[in-house]
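Here is a short walk through one model, from a helix to the strands and cores around it. Keep the viewer open as you read.

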Amino acid sequence: MCSEADYQLHRVQNGFEPENWKPFQSVGAGVKEIRISDDGNAFRVMYVAKFADKVYVLHAFQKTTQKTRNQDIQIAKLRYEAILKEETS
């Protein structure tokens, strides 16, 4: 999972979209979720890349159910809010 996540984040750093992603607006504006499957396991990396020359990884986790756990969404939201404060101060 790590090498695939590294590769997908490298794509983002170089101005490309990840190969498999979806927007995750419930966390915040501009947040996207990289979707990784490995040997039947599902992994997700939530990130935001809307700030100049920066890619912030908000949260990375393994999915065990179809729906994203509220705890994972809340972790990403808190980190997103902290980044917004840092970027706007």
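Leu-84 sits in helix α2, which spans residues 70-88. In this predicted model, Leu-84 has a relative accessible area of 29% and is partly exposed, because that value falls between the 20% limit for buried and the 50% limit for exposed. Arg-79 also belongs to helix α2. With 44% relative accessibility, Arg-79 counts as partly exposed too, because 44% lies between those two limits. Leaving aside residues up to four places away in sequence, Arg-79 touches Leu-58 and His-59.

For a sense of scale, here are two pairs that involve these helix residues, with their separations in sequence and in space.

| Pair | Separation in sequence | C-alpha to C-alpha distance |
|---|---|---|
| Leu-84 and Arg-11 | 73 residues | 23 Å |
| Arg-79 and Tyr-56 | 23 residues | 9.3 Å |

Now to the interior. Which residues make up the largest nonpolar core? It has twelve members: Phe-24, Val-27, Val-31, Met-46, Val-48, Phe-51, Leu-58, Phe-61, Ile-73, Ala-76, Tyr-80 and Ile-83. Strand β3 (41-48), strand β4 (56-63) and helix α2 each supply at least two residues of this core. Helix α2 gives the most, with four residues. A second, separate core holds eight residues, among them Ala-5, Leu-9, Val-45 and Tyr-47. As background, nonpolar side chains tend to be buried together in soluble globular proteins.

Phe-24, from the largest core, is a good residue to click on. Not counting residues up to four places away in sequence, Phe-24 touches Val-31, Lys-32, Glu-33, Met-46, Thr-68 and Ile-73.

The strands come next. Is β3 largely enclosed or largely open? Six of the eight residues of β3 are buried, so this strand is largely enclosed by the rest of the structure. On one side of the pairing list is strand β2 (residues 31-38), which is joined to β3 by eight bridges and runs antiparallel to it. Within this pair, Arg-35 stands opposite Arg-44 of β3. The two strands form a hairpin with two residues between them, and Asp-39 in the turn has a positive phi of about 50 degrees.

Strand β3 also pairs with β4: seven bridges join these antiparallel strands. Here Met-46 stands opposite His-59 in β4. Both residues have appeared already: Met-46 is a member of the largest nonpolar core, and His-59 is one of the contacts of Arg-79.

Notes. Residues numbered from 1 in each chain as written. Predicted model: local features only at pLDDT ≥ 70, side-chain atom pairs only at ≥ 80, totals over all residues. Heavy atoms only, no water. Buried < 20%, exposed > 50% of the residue type's maximum accessible area, 1.4 Å probe, protein only. Contact = heavy atoms within 4.5 Å. Core = buried A, V, L, I, M, F, W, Y, C linked by side-chain atoms within 4.5 Å. Pairing = 2+ DSSP bridges.
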